[in-house]
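Reader: I should like to learn how the features of a structural model are read, one at a time. Please give the general idea first and then the case at hand.

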Amino acid sequence: MPLFFYKGYSSFFPFANQPEIGKSAIPLDLQWGLPFVIKICLATIGVAFFSATASVVALFVFIRRFMYNSFLKYLLKNSPDETLSKTGSKVRKCLNPVIRFAIPFTTKTKLKILRSAEMPEGPVVFVSTHGFKEDIVDAVVIAKKQTYILIGSLSQIFHHFDGVTSWLNGVILVNRSEKSSRVASKDKMKRAIEIGSSILMFPEGTWNKSPNYLTSGLFSGFYDVAKATNTPVALIATHREGKYVYGILDEAFDVSEMTREEATEFLKERMATLRYEMLEEFSKEKRENLPFGQEATDYWKKYIDDLMAEVEFYDYEEELYTKFVDKTITTYEMAFEHLENLKLNKNNAFLFDKRLI
């Protein structure tokens with residue numbers, strides 16, 4: 001008989017107060033052997049599960065660190081026929097409800113749609129504000145239609161799982177540093193509409209990082225695509241406050257009777273209006289709690305840096321030099337840029353007189 005069945009060895013096991021041999025009607029192999037074997041089996045299963053989980057996590061981290069979505073390279077071609085198809089559009093329309101259902105489970109924020117206008121039948125040119133990580137996927141949910149998203153953040157597409165999910169949803173890539181790619185992106189968007197899909201674009205081009213402007217300058221590509229295809233335009237505005245993202249889907253409007261300047265100005269005004277509406281409602285703070293001077297500057301810089309840090313492959317330099325620049329507006333930085341190269345002499349010394357400031 002195994003030693004652990006004897007009373008003298010019982011203290012080594014969890015159930016130490018077993019009856020003496022010959023005083024129990026329960027067979028010893030059932031009394032001690034079965035619970036012990038079950039515990040060993042459960043412990044073995046637990047160790048195996050932990051090892052398998054650790055291996056999967058390690059593989060996941062490795063893939064995320066070194067992955068490159070080379071199969072998406074075809075999307076960089078300038079030919080619309082080589083990058084979009086009717087079959088692809090139909091498949092993505094079937095996937096769209098599943099994608100929109102899954103998105104809320106993949107973000108750290110919670111989306112609250114404040115109001116959603118009824119959209120016309122058929123394709124729509126959706127244009128959205130742009131200022132934080134989740135606004136693209138939240139716009140996909142708010143649109144409630146299958147859309148091909150115009151994306152220029154190529155590092156995020158090729159080195160992250162976002163590239164795979166964007167491809168499943170429908171994506172049009174644009175290399176913002178190449179003019180031919182920028183021109184071709186309009187043809188691709190027109191093609192997407194021709195095959196029955198809507199498009200989603202961000203006319204600000206990059207995140208709006210300004211502490212002063214409700215909206216940045218807008219690229220007018222949305223107008224060219226909408227007018228060429230006779231497609232209505234609908235604005236999606238989003239605002240992030242803490243763990244919540246608030247969204248509005250505005251009424252669709254027709255650009256066929258507008259000039260490029262009129263349509264762009266109308267859209268910019270609506271963007272600013274909706275953003276102010278959400279700021280007024282959800283970003284309330286007492287004036288005495290607001291930072292001033294350098295403290296305000298440092299606060300805003302940290303706020304923007306924290307937003308950018310949430311994106312694993314944020315290309316700051318590319319985002320900085322590809323934003324829309326309105327040549328008719330002179331910014332503070334532009335007005336005083338020449339002072340950096342100014343050589344001080346007796347003829348221009350008066351410019352630094354404090355009484356002029």
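Author: Let us begin with pairing: two strands pair if DSSP finds at least two bridges between them. The model is predicted, and in the hairpin of strand 6 and strand 7 there are two residues between the strands. Within that hairpin, Gly 242 takes a positive phi near 65°.

Reader: In which sense do strand 6 and strand 7 pair, and over how many bridges?

Author: Strands of a sheet pair through backbone hydrogen bonds, either parallel or antiparallel. Here strand 6 and strand 7 are antiparallel, with six bridges. One residue pair illustrates the register: His 239 has Tyr 246 in strand 7 as its bridge partner.

Reader: Which strand runs parallel to strand 7?

Author: Strand 1 (residues 110–116) runs parallel to strand 7, and six bridges join the two. Ser 116 stands opposite Leu 249 of strand 7. Strand 7 itself, residues 244–249, is mostly covered, with five of its six residues buried.

Reader: What is the order of the strands in the sheet?

Author: The sheet is open and has seven strands in the order 1-7-6-2-5-3-4, with mixed pairing. Its edges are strand 1 and strand 4 (171–173), each of which pairs on one side only. On average, neighbouring strands are turned by 25° against each other, direction ignored. At the strand 4 edge, three bridges join strand 3 to strand 4 in parallel, and Ile 149 stands opposite Val 171 in strand 4.

Reader: Which strands does helix 7 touch where it packs on the sheet?

Author: Helix 7 (residues 179–194) touches strand 2 (125–128), strand 3, strand 4 and strand 5 (198–201). The direction of helix 7 makes about 160° with that of strand 4.

Reader: Is helix 8 largely enclosed or open to the surroundings?

Author: Burial is judged by relative accessible area, and a residue counts as buried when the value is under 20%. Seven of the nine residues of helix 8 are buried, so this helix is largely enclosed by the rest of the structure. Among them are Phe 222, Tyr 223 and Asp 224. The buried residues of helix 8 pack against strand 2, helix 7, strand 5, strand 6 and helix 9 (260–282).

Reader: What follows just after helix 8?

Author: Most residues other than glycine have a negative phi, and most peptide bonds are trans. Just after helix 8, however, Asn 230 takes a positive phi of about 55°. Asn 230 lies in the loop between helix 8 (221–229) and strand 6 (233–241), and is exposed, at 59% relative accessible area. Lys 144 also has a positive phi, near 60°. Lys 144 is found in the loop between helix 4 (135–143) and strand 3 (147–151) and counts as partly exposed at 48% relative accessibility.

Reader: How many salt bridges does a search of the whole structure find?

Author: A salt bridge is a side-chain nitrogen of Lys or Arg within 4 Å of a carboxyl oxygen of Asp or Glu. The search finds seven. One of them joins the side chains of Arg 115 and Glu 277 at 2.7 Å, N to O. Since Arg 115 lies in strand 1 and Glu 277 in helix 9, the pair ties together parts that are 162 residues apart in sequence. Arg 115 is partly exposed, at 36% relative accessibility, and Glu 277 is partly exposed too, at 31%.

Reader: Are the partners Glu 134 and Arg 240 buried or exposed?

Author: The side chains of Glu 134 and Arg 240 meet in a salt bridge of 2.9 Å, N to O. Glu 134 belongs to the loop between strand 2 and helix 4 and Arg 240 to strand 6, 106 residues apart. Glu 134 is buried, with a relative accessible area of 6%, and Arg 240 counts as buried at 16%.

Reader: Which residues do salt bridges with shared partners join into one network?

Author: Arg 260 forms a salt bridge with Asp 224, the closest N and O atoms being 2.4 Å apart. Arg 260 lies in helix 9 and Asp 224 in helix 8, so the pair ties together parts that are 36 residues apart in sequence. Arg 260 is partly exposed at 34%, whereas Asp 224 counts as buried at 17%. Lys 186, Asp 224 and Arg 260 are joined into one network by salt bridges that share partners.

Key. Residues are numbered from 1 along each chain as its sequence is written. This is a predicted model: local features need pLDDT of at least 70, side-chain atom pairs count only at pLDDT 80 or more; totals for chains, interfaces and linings use all residues. Side-chain values use heavy atoms; hydrogens and water are left out. Helices (H or I, at least four residues) and strands (E, at least two) are DSSP runs, numbered from the N terminus. Buried means under 20% relative accessible area, exposed over 50%, partly exposed in between (1.4 Å probe, protein chains only). Axes are lines fitted to C-alpha atoms, for helices over the stretch in contact, and angles run from 0 to 180 degrees between N-to-C directions. Contact means heavy atoms within 4.5 Å.
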